[in-house]
Amino acid sequence: AINSSGNPEESISLFDRALSEAREAGLENLAVDAAHMLGIVTRGEDALAWNLKAMEMAAVATDPKARRWRGSLSNNLGWTYFDLKQYDEALLMFEKHLKIRTEQVDSVQVSFARWSIAKTYRCMGRTKEALAIQQELLEARELPGAELEGYVYEEMGECLLQFKREEEARPHFARAWELLHT
């Protein structure tokens, strides 16, 4: 509740304590979860450090529930790197996220991972590849809800703008607005 209240900084000491207590009790799943939350409530390099620590913990865990965190953590790491404009590292994490979610047969997260990869491609100047993935996602008609569909339309618009195709981009932005602001 403290994290969601708009003051995530206040929750840092609580998550830190939860991490210590979970480790002492040998509860790998809860320890990884606490480290994961520290990666969410901190920013920049601190968020990166906590996400990397949580990923390391999940990778060596013997508890299958703790190991399942690798998917979420690779996504979180991808976005942390993305926010730091470290696009090569972000792409590696999103590709890892895609691989893990494909193995877990999690179609919702597979779609999100593909969208994340495409968005990163656009930011890396690989706009043609980005647009192709966004079009595939839209054409597959397997998007899990309006939120991702809105993100796909928004990214298609962004890609088209990079190609200086403003008129073609306009309806994509309009559809994104409809889906994301209702």
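What percentage of the 182 residues of the chain count as buried? Keep that question in mind as you open the predicted model and color the chain by accessibility. The answer is 42%.

**Stop 1: the whole chain**

Start with a cartoon view of everything. You will find 10 helices and 0 strands, so to speak an α-α-α-α-α-α-α-α-α-α run when you read the elements from the N terminus on. Turn the C-alpha trace along its principal axes, and the spans come to about 60 × 35 × 30 Å. If you like to look at contacts, take those between residues at least 6 apart in sequence: 50% of them join residues at least 24 apart.

**Stop 2: the largest pocket**

Next, select G39, I40, T42, R43, G44, A47, N51, N76, W79, T80, D83 and L84, and show them as sticks. Together they line the largest pocket, which holds about 170 Å³ of space. Color the sticks by class and you should see 4 nonpolar, 6 polar and 2 charged residues in the lining.

Now bring the cartoon back around the pocket. Which helices each supply at least two residues of this lining? They are α2 (28–41), α3 (44–60) and α5 (69–83). Of the elements, α5 gives the most, with 4 residues.

**Stop 3: helix α8**

Move along the chain to residues 127–140, which form helix α8. Its 14 residues reach 20 Å from the first C-alpha to the last, close to the 20 Å expected at 1.5 Å a residue. Select T127, A130, L131, I133, Q134, L137 and L138, the buried residues here. Look down the helix axis: these residues cover an arc of only 165 degrees, which puts them on the same side of α8. Then rotate to the other side of the helix, where K128 and E139 are exposed.

**Stop 4: helix α10**

Finish with helix α10, residues 166–180. Place a distance label between its end C-alpha atoms and it should read 20 Å; the 15 residues should span 21 Å at 1.5 Å a residue, so the two agree. Where do the buried residues A169, H172, A176 and L179 sit around this helix? Viewed down the axis, they fall within an arc of only 85 degrees, and therefore lie on the same side of α10. Swing round to the face turned away from that buried side, and you will meet the exposed residues E167 and W177.

Definitions and conventions
Residues are numbered from 1 along each chain as its sequence is written. This is a predicted model: local features need pLDDT of at least 70, side-chain atom pairs count only at pLDDT 80 or more; totals for chains, interfaces and linings use all residues. Side-chain values use heavy atoms; hydrogens and water are left out. The expected span of a helix is 1.5 Å times one less than its number of residues. Buried means under 20% relative accessible area, exposed over 50%, partly exposed in between (1.4 Å probe, protein chains only). The arc is that of the directions from the helix axis to the C-beta atoms. On a 1 Å grid over the protein atoms alone, a cavity is a set of points where a 1.4 Å probe fits but cannot get out, and a pocket is an open set with protein on both sides within 12 Å along at least five of seven lines; lining residues have an atom within 4 Å of a point. Grid points are joined across faces, edges and corners, and a volume is the space filled by probe spheres set on the points. Ala, Val, Leu, Ile, Met, Phe, Trp, Tyr, Cys and Pro count as nonpolar, Asp, Glu, Lys and Arg as charged, and the others, Gly among them, as polar. Contact means heavy atoms within 4.5 Å.
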